[in-house]
Amino acid sequence: MKLYKYFCIILSTQLFAAVCLAQSKTSTTRSYKQAEATNGLQILTIEMPKVPLATIVLVAKAGAMTELPETNGLTHVWEHMFFKGNKRIPNQEAFNKRIRQLGITYNGDTSAEMVRYYFTLPSNNLDEGLQFMADAISTPLLDDKELERERVVVLDEYDRNASQPGFELFNIERMIMYGAKEHLRNPLGRRRIIETTNRDQLLTIKSDVFVPANSALIVAGDVTADNVKTLVNKHFAAWTTPPNWKPINRGPFPDFPQTTEVTKTHQLAQNVTQQFTWKGPRTLHEKSDTWTADILLQLLEHRSGKFFKKFVDSGLALGAGLSYHSQGQAGELVLYAASRPETASNIRKALLDQPKEWIKPGYFSASQLSDVRRKQRIGYKMELNRPSEYAKTLAFWWATSGLDYYDNYLSNLEKVNLNDVQKFVKKYFVGKPYVGITLLNPEDAKVANYIDNSAPYVEKYLTNY
Amino acid sequence: MTPFLTSLSSTLFIAAALLISELSSAEPDKNLTATQTLRNDMTMISRETPGSDIVTLSVTFMTGSADQSFNKRAINELAMEAMTYSTKKFNKSKIFSLTEKYSIGLACRGGIEMSQCSIQTVSEYLPQAIDLLASVVTEPSFNKDDVALAKQQRVADYQRDIQNPESHANTTVNTVFYDLHHPYRLLPQDGIKQTESLTADDLKTYHRSLLDASKIFITYAGPKMSPKIRKNIVSKFEKIPKLNSQKKIVAAPLFEPKNSLAFEHRQIPTAYIRVKFNAPSILAKDAAAADIMFEILSQKLQEEIRTKRSLSYAVYAGTIQYNQGIGVLSVSTSKPKETLDAMAAVVKSFKERGVTQEELNEYRNIFTTSYFLTLESHGSLAGALSSFQFYFGDAKKLYDLPQKISAVTPADIQRVAKDVLKNFRIGVVYDKEKFETKWLDVLTKV
């Protein structure tokens, strides 16, 4: 759904392939081989010689969650600097040339809990491709002049986000939910911090999070695990983890706030967008609840189900659903709908009444649950069908939730029953506080009888943002 | 460039050239691809994908919004949207239940020149999916409630385009790139009006015109097709009559110098600028050269505007290859004057200097990767085969692409650049207080 992209922020180095979709998950049958390089770097190899290509993904457990308020957004700046000069490649022009020489299509992305860099290239260039990746991650120059130039590029990326009508409102929502630690969920960061980034800050980020002990290398396609391991040891050996290195832990988030609703008008908003967010489970903490969350959201998507019929098939809303993006450190359960202004008020009420409906007997059926499980199994096959994408998916799960979580995901989903779903809804939704936001244009606000109450929030949260 | 890079590059170019040479024959891929002509002369393309039980099956209508009259262009996308809602054999609840039970991905999408209905599933559930796809294609219900819902969804899609500044920049340039009656023109605001005025009866009439075996083909990508499955598909689609209706010939958009700039005021922090111009058709002899020309120009724009001058996060050049080709330059920037000056300088220099053999070789390396990425998944493979069938009448021409690319010379690219990079039409979405339209002159004079 369209709303989803706003709160699940993934920033990409290049314009295209900026994807922010739920990462699907896998079965108990491992599709990859695991090894450890001599420097401690985890290696996951997916041997799938469908076409003569190899995809190399380097992922680190880093992002907004490892930043401080005064460095918010700089992991993303670092991600951009990765594609510039290093000890072997003098500058970005040479970097780009090497990309073309090796036939690499590439990108990188930064989210709250993960940074990924990925190359796809002809598999007969795997050796050179791994060396290229090793040089980029281990010996970046972080040259001051290049930083000055790239800062402006990142600011244009920031401004593109700020050009969207929902930009301010989604920032307000995050600040309400996470209070003083809101920066830990904001990979884009703040403009004024990006404007003043310096090299020392980036070097600190490098030694804090871009180390072998905090990273994994995923290689997929026309490759063999033995060869990959040999080449990784050959090229990455000089990249080491500093002595006494420890993973960064920024501590727990503040308690979820009391129920708050903010309505904001924007001249360019075309429809009414409403979303209500409850605190949800985290893959590193409330594991079994995360499986139930995934089952619940797919039951709500089931097109024979009551939710879909009430909101989507009836035409009441232009789109509606529950969104849950599995993450290790923070969970958000987002109930959303887009609509015409005439139905906005009814939809708000109906959405907020939904959780009580979900716990009524018969709201979900056993056959719907069976469909959802089958869909997961088939979804996994579809995912494996594209090794170049699957490598990125595996990287995501390694970084945010761990391989144990991922390996056992499908078998754990099989254990979730409708009773578990009811318990989950009572635990996370019924009577629990939520943060609601509504975005619409001023004319639609009159029709919907909604009042823009955002001024105090704008003043509190966005002054000097 | 460092000595290290110099010494490596020559070796790599040889490797890439060898790979291109291997690609040129592409016999293994060709041998896995077969075509069959049904009794009604409809073509079925099948591509075997060993080692996977995933299947993509699509039905392509060689018809799009460009084939409709100028005040009814939205009917094609609306019809495609509504076709999946219910059919004579499967009511809506049955469709929902089937697609959920068997995890069948079912979709119909309308395009400018062609449209498509497709299913994706695993071979175990293919019989059910074939039944469903055939019914959606041949006997959609278009009942009033379904049509009302489809209209609402289509209008919402158009509104999303209006809200997004980048797609709105595309709409803005389209107002000057196409005249009112050009077949490719369908602005979101017109789409909304047209969609709202269409009825269920309009869609039923329109659908009858779509069912012409001479303008439909089938594409299968999946495990080796069993005789039973083949028979099933053939029996479902060979009943479609052959009408031999004629396809419209589309003329290139005319350039009107006095009506080549469009500006739309929005108070946003970055300007979205989109440039369009005529380019070689996908069928033109220069299509491969144009493809490479745009790829290299895009790299040069990125190098100058993003890497060296930090004027933009997103700048690129590209081509949309329909029966009439369209060239595109696009950029977002908070320094529009400097960026436009820089873009004009890159384009001018590119036309004057062309490209080196080394740059061309580098492009071929990237092409190799992109080409195999297309072959990697069933969906993209079926899509590419369908596209080649539609434009060239032969899906296997897909496998000739590497050979065409390897035949292009630096002289071809410069010739195409000189021929194509002109007569720019420009659309800008930005804050009017921060922009002067005279800044665009530098591009229009290239």
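Two residues are in contact if their C-beta atoms, placed from the backbone, lie within 7 Å. This is a predicted model: local features need pLDDT of at least 70, side-chain atom pairs count only at pLDDT 80 or more, and totals for chains, interfaces and linings use all residues. Residues are numbered from 1 along each chain as its sequence is written, while chains are lettered from A and ligands numbered from 1 in the order in which they are written.

**Exercise 1.** State how many residues each chain gives to the contact, and which element of chain A gives the most.

*Solution.*
- Step 1. Chain A brings 53 residues and chain B brings 55 residues.
- Step 2. On the chain A side, α3 (92-101), β6 (115-122), α5 (144-162) and α13 (366-384) each supply at least two residues. Helices (H or I, at least four residues) and strands (E, at least two) are DSSP runs, numbered from the N terminus.
- Step 3. α5(A) gives the most, with nine residues.

**Exercise 2.** Decide whether chain A is as compact as a globular protein of its length.

*Solution.*
- Step 1. Chain A has 19 helices and 12 strands.
- Step 2. Its radius of gyration (over C-alpha atoms) is 23 Å, close to the 23 Å from the globule rule for 465 residues, so chain A is as compact as a globular protein of that length. The rule is 2.2 Å times the number of residues to the power 0.38.

**Exercise 3.** Find the share of buried residues in each chain.

*Solution.*
- Step 1. A residue is buried if 20 or more other C-beta atoms lie within 10 Å of its own.
- Step 2. In chain A, 56% of the 465 residues count as buried.
- Step 3. In chain B, 51% of the 446 residues do.

Key:
Buried ≥ 20, exposed ≤ 12 C-beta atoms within 10 Å, placed from the backbone.
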